[in-house]
Amino acid sequence: MAYDKFEILTSTAVPLPIENVDTDQIIPARFLKATERIGFGDNLFRDWRYNNNDSPKTDFVLNDSTYSGKILVGGRNFGSGSSREHAAWAVYDYGFRCVISSFFADIFKGNCLNIGVLPVQVSADFSNKLFSEIEKDPKTVIEVNLQEQTVTLLATGEKESFDINGYKKDNMLNGFDDIDYLMNVKSDIVEFAKSTPL
């Protein structure tokens, strides 16, 4: 499934300074029946967002209109637990295009990269700086530049670099998933097959 190209994202952010957020908290297992990548955003952090009677929990950040944006800043070890790709689907479907954390679970990180959510791993110090600035001013704007591989607090100019696999970076810049990439190089594959003896 193709998704929007990711080049430079400039946005306010939603802070979630909780460590060890696992995939069952991101999207509870009872919502994994669907096979398409739509509708999962409604149940992102379902048990933290809603009471048993489906009324919103006013003390949870996604229900606080003070915070908004396409960037989620999470605590250390974000996306741990089971390997369910639905967790990344829920993050994307809710509207986030980037998650920043000081550490990600590898499988969750890979699942995000496969669908157009950029997981940006920064140092613990820079993560704490982001949380501090957002707490002081919820309108704090963050720039995530994929080409340059930097995260910048625009108000202060403070920035940090992040790492990303070159293949996944290229795919995100072009809005490709793995199938889109193969289709894009189909002619090269065909030519190679013709010129290569069995």
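**Strands, sheet and core**

Reader: In strand 3 (residues 71-74), which residues are buried on each face?

Author: This is a predicted model, in which local features need pLDDT of at least 70, side-chain atom pairs count only at pLDDT 80 or more, and totals for chains, interfaces and linings use all residues. Residues are numbered from 1 along each chain as its sequence is written, and side-chain values use heavy atoms, with hydrogens and water left out. Buried means under 20% relative accessible area, exposed over 50%, partly exposed in between (1.4 Å probe, protein chains only); strands (E, at least two residues) and helices (H or I, at least four) are DSSP runs numbered from the N terminus. Both faces of strand 3 are covered, by I71 and V73 on one side and, on the other, L72 and G74.

Reader: In strand 4, what is the bridge partner of I71?

Author: Two strands pair if DSSP finds at least two bridges between them. Strand 3 and strand 4 (residues 98-101) are paired in the parallel sense over three bridges. The partner of I71 in strand 4 is C98.

Reader: What is the handedness of the β-α-β crossover from strand 3 to strand 4?

Author: The chain passes from strand 3 through helix 3 to strand 4. A crossover is right-handed if, with the strands pointing away from the viewer, the path from the first strand over the helix to the second runs clockwise. By that criterion this one is right-handed.

Reader: Which helix gives the most to the largest nonpolar core?

Author: A nonpolar core is a set of buried Ala, Val, Leu, Ile, Met, Phe, Trp, Tyr and Cys residues joined through side-chain atoms within 4.5 Å. The largest one has 53 residues, and F45, F78 and I142 are among those with the most contacts inside it. Six of its residues come from the top contributor, helix 3 (residues 86-94).

Reader: Why is one side of strand 1 and of strand 8 left without a neighbour in the sheet?

Author: The open sheet has four strands in the order 1-6-7-8, paired antiparallel. Strand 1 (8-11) and strand 8 (159-161) each have one side without a neighbour because they stand at the edges, each with a single partner strand.

Reader: Which residue in strand 7 stands opposite N145?

Author: Strand 6 (residues 142-145) and strand 7 (residues 150-153) run antiparallel and are joined by four bridges. Opposite N145 stands T150.

Reader: Which strands does helix 5 touch?

Author: Helix 5 (residues 124-136) packs on the sheet, and its direction makes about 35 degrees with that of strand 7. Axes are lines fitted to C-alpha atoms, for helices over the stretch in contact (heavy atoms within 4.5 Å), and angles run from 0 to 180 degrees between N-to-C directions. The strands touched are strand 6, strand 7 and strand 8.
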